[in-house]
Amino acid sequence: MYPKKTIFLLLLFWSSCLSAQFSQLDSLKTQLNQTEDLAQKVNLLTAIGHEYFRINEDSMKVYALQAVRLGEQLPEQSPSYLEALVLEARTYHFTNRLDTAITIAKKGLAIADKEQLPIYQAKFRNRLGVSLTRQKNYAEAMSLMLEAIDIFEKENSLENLANAYNDLSMVYLLQNERENGIRYMRRSAEIWDQLQPKETTRHALAYLNLAYATDGDSMSYPYALKGLELAEQSGKPGILSQAYMEMGYQNESAGNLEEAMAYYRKNLEIVKGMNSPSGLADAYRFLGNGYVSQGNYAKAEEELNKALKIYKAQHADLFTALTQDQLTIAYENTGQYEKALQAAKATIVFRDSLFDAEKLSISSELEAQYENQKKEAELAQQQLELEKQKSQKNKLLMGALVLFLLGLVIVQVLMARRKRTQKEIELALSIQQAEAAKLKELDQIKSNFFANISHEFRTPLTLIISPLKEMVRGDFKGNIETYHRLMLRNGERLLQLINQLLDLSKLESKEMKLDRVLLDMNQLVRQTAGNFESLAERKQITYLIKAGQKPMPVMLDRDKTEKILYNLLSNAFKFTKEEGRVEVHLQQEGERAVLKVADSGIGIAAADLPHVFDRFFQSHHGSSGSFDGSGIGLALTKELVEIQNGQIEVSSKENEGTVFLVSWPLEKKAVPVIQKKDTGTKHPKLETVMELAPFTSASKPGAALSGPDKILLVEDNVDVRFYLREKLEEHFDVIEAVDGREGLQLAIETVPDLIITDIMMPQMNGNELAAQLRRHIQTSHIPIIMLTARGDMDSKLDGLETGADDYLTKPVDNRELITRVNNLIAQRQQLKEKYARQIVFSNQQEESEEEALSQDDRFMRDVMQILEARLEDEEFGVEQLAQALHLSRYQLLRKIKALTGKSVSVFIRWVRLNRAKELLEKGQGNVSEIAFRMGFNSVAYFSSCFKEEFGISPSQV
């Protein structure tokens with residue numbers, strides 16, 4: 001890092017550079033005000049516009065437009081007017097209005113071609129090529145640039161030739177043809193060396209581009225140094241900015257990160273003094289890249305996102321891709337894997353479009369074609385002269401030419417055949433790869449299905465087996481009727497899952513039989529949908545049923561149709577929150593009965609919508625990737641609809657709701673409508689639906705109860721949460737959360753003594769919750785127990801790696817759960833004793849131990865450093881310590897109590913007394929001096945506290 005004095009001098013230097021350029025601008029503006037000559041005014045306006053390049057793009061545009069408007073009063077072939085058009089095209093190019101830039105360049109080229117003005121024919125061709133390059137039209141761009149170079153060479157216009165070589169080199173580099181790019185850049189630099197010091201700015205740019213192109217070569221750093229030297233001579237902030245970026249990049253490539261970051265920061269400071277969005281974006285991008293190299297990914301993300309916002313606004317695709325590439329690294333290292341994936345995808349798409357094989361080869365072919373055209377023109381001239389002298393020889397040459405062309409045709413045919421064969425091979429390989437990917441995807445879907453169906457089975461099994469074990473052991477203490485209903489409900493849930501699997505099996509083997517009868521759909525819908533009214537009232541959901549009184553005859557299997565209705569309504573109520581809305585409509589449309597089930601629930605993601613009827617597919621909700629269900633309900637529904645000649649459709653928007661439409665053909669025969677008699681028994685699925693809200697919690701989720709140890713229970717299944725709460729409340733205070741997101745919020749607010757969480761939950765799953773808890777200083781110390789239906793080793797390792805302290809597989813034995821909880825709380829007590837025995841002051845902590853410190857160790861180290869710095873301040877207490885640590889008073893109390901077993905005020909006094917004892921032992925003052933140094937305003941009180949803590953008075957030390 002540079003000392004402050006050096007940075008101050010550098011800031012003065014930058015300001016002097018700005019002053020030098022603004023001094024030049026003032027001079028030009030003075031001349032502009034003094035001249036009356038129209039052509040001279042246009043020339044001066046154009047010169048001012050060029051001076052504003054990379055300083056203030058808005059001013060550059062204003063002066064360019066003024067120059068063009070005045071220039072239109074001159075003859076169109078006037079050099080002054082044409083130079084103004086060149087500036088205007090350049091201005092629109094650098095403000096990313098490429099279509100306008102191309103239009104202006106074409107306009108200028110048409111005038112130059114019409115009036116046969118070679119220099120401007122070349123200038124506008126090169127200007128047009130530069131803008132086409134930005135649009136990735138490399139073939140046409142290179143053709144125009146090569147024509148411009150040929151004209152500049154003939155006219156011996158060295159400055160323009162050097163510029164054209166530089167522009168052409170960039171086209172090669174963009175197509176990954178590094179050798180040709182460097183070759184033309186060196187030509188550009190050699191010309192500027194001859195012209196030096198006529199045009200310092202372009203001279204500097206040539207060497208900076210060379211340094212960029214030869215990255216990794218031995219000459220890249222010397223080129224960058226020379227570019228920096230020339231940039232400093234120019235006194236222009238725009239070129240100096242580019243020099244600082246290149247020097248930063250060179251040092252970063254060499255591993256000199258501190259030097260690199262110093263240059264990047266200098267660049268950012270100088271760019272902030274200019275009105276150049278593109279320059280500012282580049283500055284943020286290079287600074288962000290430097291932070292990535294340093295491993296400071298949070299700062300890297302901040303700076304790179306600033307750059308990305310500007311690049312996207314300017315439609316700068318190349319630099320957008322470069323920025324997203326670095327953001328992928330930053331997101332990945334900060335655990336933001338979804339963002340990392342999106343950034344990586346965007347980068348890959350751009351690279352694929354940029355480095356297509358045909359685009360990579362076409363540039364070399366065009367250059368060769370252009371060179372061949374020049375040679376063929378020369379040969380044609382020679383042949384013309386020879387033809388006049390040797391007509392016979394000319395005939396022989398013509399015959400040879402015919403043979404050559406014939407051979408060329410044969411070669412082309414063979415090459416075309418080879419390409420066709422190659423494409424066939426590639427197509428076959430792609431088909432094989434697609435099939436392999438499809439098989440792999442199917443295996444993954446089946447694997448996920450079996451894992452998730454086990455979760456579906458294990459949850460109700462927990463609520464059946466665990467209470468039964470208590471009853472068998474004789475230690476059951478709950479309400480027997482309540483638990484009988486709980487076990488019955490979950491037993492019926494298991495039966496429903498099994499029946500769904502059997503139904504799918506029958507459908508697959510074509511063994512399912514239909515018992516079709518003539519039904520009145522209006523009556524069937526009213527009866528079936530009416531069974532959900534009590535559930536709607538319990539969940540405070542607005543529930544509308546619209547079905548007519550007039551019979552609507554359809555030939556259907558009553559049992560299968562009821563299953564369809566129950567499945568659709570179960571989903572609607574399951575995913576609709578309290579105070580939401582569910583509607584059931586049945587109406588006739590033409591010759592079909594159309595049933596509509598709509599809800600205002602969480603909706604289905606657009607990516608999942610095409611797959612909701614696929615077998616074993618679970619729709620993922622939210623960023624957590626958690627899911628509900630077994631993936632068979634809607635698949636079964638669709639097949640039950642279709643085997644009865646029906647159709648089913650779905651439409652949905654996330655966070656707005658879902659609509660299912662089912663239709664069947666109406667029965668035209670005029671026969672009585674037959675209905676089964678109502679036996680008075682409930683449909684078995686209705687009890688399963690009721691599991692959505694079977695109990696009212698004794699305490700509101702998140703309500704803090706009194707008690708020595710506070711447990712936060714995070715579980716989305718209402719029955720499981722009810723059962724665990726009843727068992728835990730016998731020993732602990734219990735707070736409830738219905739998902740990971742609510743659990744995280746309650747953990748930070750209440751700082752419990754232990755957290756029990758399920759893994760598979762909506763909004764935020766258990767693994768993500770554990771990872772978030774470990775990141776927050778308020779909750780990093782809290783023990784975590786994971787509950788899951790997945791008992792495989794990989795799942796356990798995932799949970800333990802994200803921060804869980806223990807892992808229990810469902811069905812859970814309540815005695816084992818209580819034992820595990822007590823063990824973890826006992827371990828936390830041992831940790832309290834550890835911190836109670838150790839006082840580590842900041843001057844005793846070696847920096848080399850930093851990586852070995854846990855989050856709690858770092859917290860205690862920070863506490864001790866703050867206390868040591870404020871020991872003499874008698875006003876320093878709990879409030880001041882909480883503010884210094886950026887915690888609330890309550891969070892600090894819970895954290896210190898959890899780690900040390902002491903209240904905050906007692907802990908502060910304890911630290912002061914231990915420090916006082918240390919000073920007394922070293923003889924660094926008498927009792928009064930040390931008492932006041934440690935923040936005690938009374939020696940008598942200090943002596944009393946000291947004797948109470950250590951059993952001796954301070955004077956006896």
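**Exercise 1. What should helix 23 (residues 558-574) span at 1.5 Å a residue, and how far apart are its end C-alpha atoms?**

Solution. Keep in mind that you are working on a predicted model.
- Step 1: Count the residues, which gives 17 for helix 23.
- Step 2: Take 1.5 Å times one less than the number of residues; for helix 23 the expected span comes out at 24 Å.
- Step 3: Compare this with the end C-alpha atoms, which are 24 Å apart, in agreement with the expected value.

**Exercise 2. Describe the surroundings of helix 23, from its N-terminal end to its side chains.**

Solution.
- Step 1: Look at the N-terminal end, where Asp557 acts as the cap: one of its side-chain oxygens is 3.0 Å from the backbone nitrogen of Asp559.
- Step 2: Check the burial of the helix; 14 of the 17 residues in helix 23 are buried, so the helix is mostly covered, with buried meaning under 20% relative accessible area.
- Step 3: Find the salt bridge between Arg558 and Glu562, with N and O 3.2 Å apart. These two residues of helix 23 are four residues apart, about one turn of the helix. Both Arg558 and Glu562 are buried.

**Exercise 3. Are Glu72, Arg69, Arg820 and Asp806 buried or partly exposed?**

Solution. Partly exposed covers the range between under 20% and over 50% relative accessible area.
- Step 1: Begin with Glu72 and Arg69, a salt bridge whose closest N and O atoms are 3.8 Å apart. Glu72 has a relative accessible area of 44%, so it is partly exposed. Arg69, at 44%, is also partly exposed.
- Step 2: Turn to the salt bridge of Arg820 and Asp806, at 2.7 Å from N to O. This pair links distant parts of the chain, with Arg820 in helix 30 (residues 814-837) and Asp806 in strand 14 (residues 806-809), 14 residues apart.
- Step 3: Classify this pair too. Arg820 is partly exposed at 23%, whereas Asp806, at 18%, is buried.
- Step 4: Place these pairs in the full count of 27 salt bridges. One network of salt bridges links Lys299, Glu302, Glu303 and Lys306.

**Exercise 4. Which residues touch the most other members of the largest nonpolar core?**

Solution.
- Step 1: Recall that in soluble globular proteins nonpolar side chains tend to be buried together.
- Step 2: Go to the largest nonpolar core, with 71 residues; Leu168, Leu210 and Leu228 touch the most other members.
- Step 3: Follow Leu210 outward. Leaving aside residues up to four places away in sequence, Leu210 touches Ile182, Met185, Arg186, Ala189 and Tyr223.
- Step 4: Look for a separate core, and you will find one of 40 residues, including Ala536, Leu568, Ala593 and Leu640.

Definitions and conventions:
Residues numbered from 1 in each chain as written. Predicted model: local features only at pLDDT ≥ 70, side-chain atom pairs only at ≥ 80, totals over all residues. Heavy atoms only, no water. Core = buried A, V, L, I, M, F, W, Y, C linked by side-chain atoms within 4.5 Å. Buried < 20%, exposed > 50% of the residue type's maximum accessible area, 1.4 Å probe, protein only. Contact = heavy atoms within 4.5 Å. Polar contact = N/O pair within 3.5 Å; in protein donor to acceptor, adjacent residues only side chain to side chain. Salt bridge = Lys/Arg side-chain N within 4 Å of Asp/Glu carboxyl O.
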